[in-house]
Amino acid sequence: MEEVLKVVGLKKCYEEVKAVDGISFSIYRGEIFSLLGPNGAGKTTTMEILEGLRRPDAGEIYYFGERVQKIDMRIKERIGMQLQDSRFFDYLTVKENLEFFAGLYSRKNDVTRLLDILGLQDKSKTLVKHLSGGQLKRLAIAVALVNDPEVVFLDEPTTGLDPQARRTLWNIIVKLKEMGKTIFLTTHYMEEAEQLADRVFIIDHGRIIASGTVNELVNSLGMESVVEFDLDGTMPVEEYFKDSRKFEDGRYEITTHDPEKTLSIVYELARKHGVKIRNLVIRRPNLEDVFLHLTGRSLRD
Ligand code: ATP
């Protein structure tokens with residue numbers, strides 16, 4: 001496996017905030033690597049350092065096997081970036097915008113092909129000011145690809161999109177991987193990391209707190225199932241189950257390695273307290289449960 005990017009001991013402070021607090025990782029050619037963490041965890045700062053938009057306070061960066069002190073044009077020709085908040089020329093068409101950005105690089109992707117990959121062919125002659133949120137995100141990814149980069153940085157590409165537009169973008173990201181691109185994806189949606197990522201690094205308060213494939217991370221919990229339910233009254237669930245949690249909407253979750261035993265205790269408790277159990281679901285643990293287990297907080301908070 002060829003290492004296209006390696007980071008060792010990266011640090012960045014903003015006054016007293018340790019935004020990135022000594023993180024290290026490697027990214028391999030052709031994989032989708034995801035940095036997953038809540039708002040403010042340090043994802044954008046990490047990505048912007050690797051894109052050459054911010055300078056780190058400490059740490060080493062290696063691109064394509066070579067240590068780099070500065071992310072200069074030699075590297076920028078080989079990487080593409082979709083920033084969280086992109087700005088375009090509102091009064092130029094989609095195609096004209098793409099041609100403008102393509103003009104900034106010596107390596108070029110075919111603009112018509114890009115429109116095709118991103119599903120923007122029929123918007124080619126549309127002014128950017130008339131695009132929907134999902135179409136703007138796709139245009140931002142098209143712009144990230146104008147120089148036919150080897151590594152593509154996607155910073156929370158589906159934030160703010162409706163579920164259908166999110167799925168469309170996920171399909172596009174899979175297509176980019178199939179084209180051989182290496183993808184660095186930041187997200188705070190665990191479903192996004194679960195759907196797309198070959199490897200997930202979970203970041204919190206500027207530190208990597210866990211890493212691996214989704215299966216490795218979930219298996220590291222050592223729990224088989226999560227039992228979820230609502231109650232129409234009260235009973236002391238938390239007293240009986242150490243790995244339980246009550247959400248703001250009143251729903252309970254119990255992480256367990258013995259779902260049958262858990263269920264029988266829950267039903268026995270409900271009977272004793274005269275409470276009814278509603279909307280019972282037994283599911284496999286997910287990355288949200290991993291984050292909760294490691295931090296005591298929810299990714300969703
Ligand atoms: P989000 O999902 O909200 O973008 P993030 O994981 O990308 O979050 P960063 O944007 O990297 O996190 O921010 C990490 C921390 O650094 C946060 O506490 C944030 O408030 C702080 N921070 C980010 N940029 C600056 C800045 N320019 N000046 C001061 N503090 C900043």
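Which element gives the most to the lining of the largest pocket? Keep in mind as you look that this is a predicted model. The answer is β6, with four residues. You'll find that strand at 79-82, and together with α5 (133-144) it belongs to the elements that each supply at least two residues of the lining.

Now for the pocket itself. The space inside comes to about 310 Å³, and 19 residues line it. If you want to centre your view, pick Met-81, Leu-83, Phe-101, Tyr-105 and Val-143, which lie nearest the middle of the pocket. As for chemistry, the lining breaks down into 12 nonpolar residues, four polar ones and three charged ones.

Next, follow the chain into the loop between β6 and α3 (94-102), where Phe-89 sits. Phe-89 counts as partly exposed because its relative accessible area is 37%, and partly exposed covers the range between under 20% for buried and over 50% for exposed. Phe-89 also has company on the surface: with Phe-100 and Leu-104 it forms a nonpolar patch. Taken together, those three residues have about 280 Å² of accessible area.

Helix α1, at residues 43-50, is another story. This helix is mostly covered, with seven of its eight residues buried. The buried set is a mixed bag by name: Lys-43, Thr-45, Thr-46, Met-47, Glu-48, Ile-49 and Leu-50. Once you're past α1, have a look at the backbone of Gly-52, which follows the helix and has a positive phi, near 85°.

Definitions and conventions:
Residues numbered from 1 in each chain as written. Predicted model: local features only at pLDDT ≥ 70, side-chain atom pairs only at ≥ 80, totals over all residues. Heavy atoms only, no water. 1 Å grid on protein atoms, 1.4 Å probe; cavity = no way out; pocket = protein on both sides within 12 Å on 5 of 7 lines; lining within 4 Å. Points joined across faces, edges and corners; volume = space filled by probe spheres on them. Nonpolar A, V, L, I, M, F, W, Y, C, P; charged D, E, K, R; others polar. Patch = residues over 30% accessible without salt bridge, like charges linked within 9 Å, V, L, I, M, F, W, Y side chains within 5 Å. Areas by Shrake-Rupley, 256 points an atom, 1.4 Å probe, with all protein chains shown as cover. Salt bridge = Lys/Arg side-chain N within 4 Å of Asp/Glu carboxyl O. Buried < 20%, exposed > 50% of the residue type's maximum accessible area, 1.4 Å probe, protein only.
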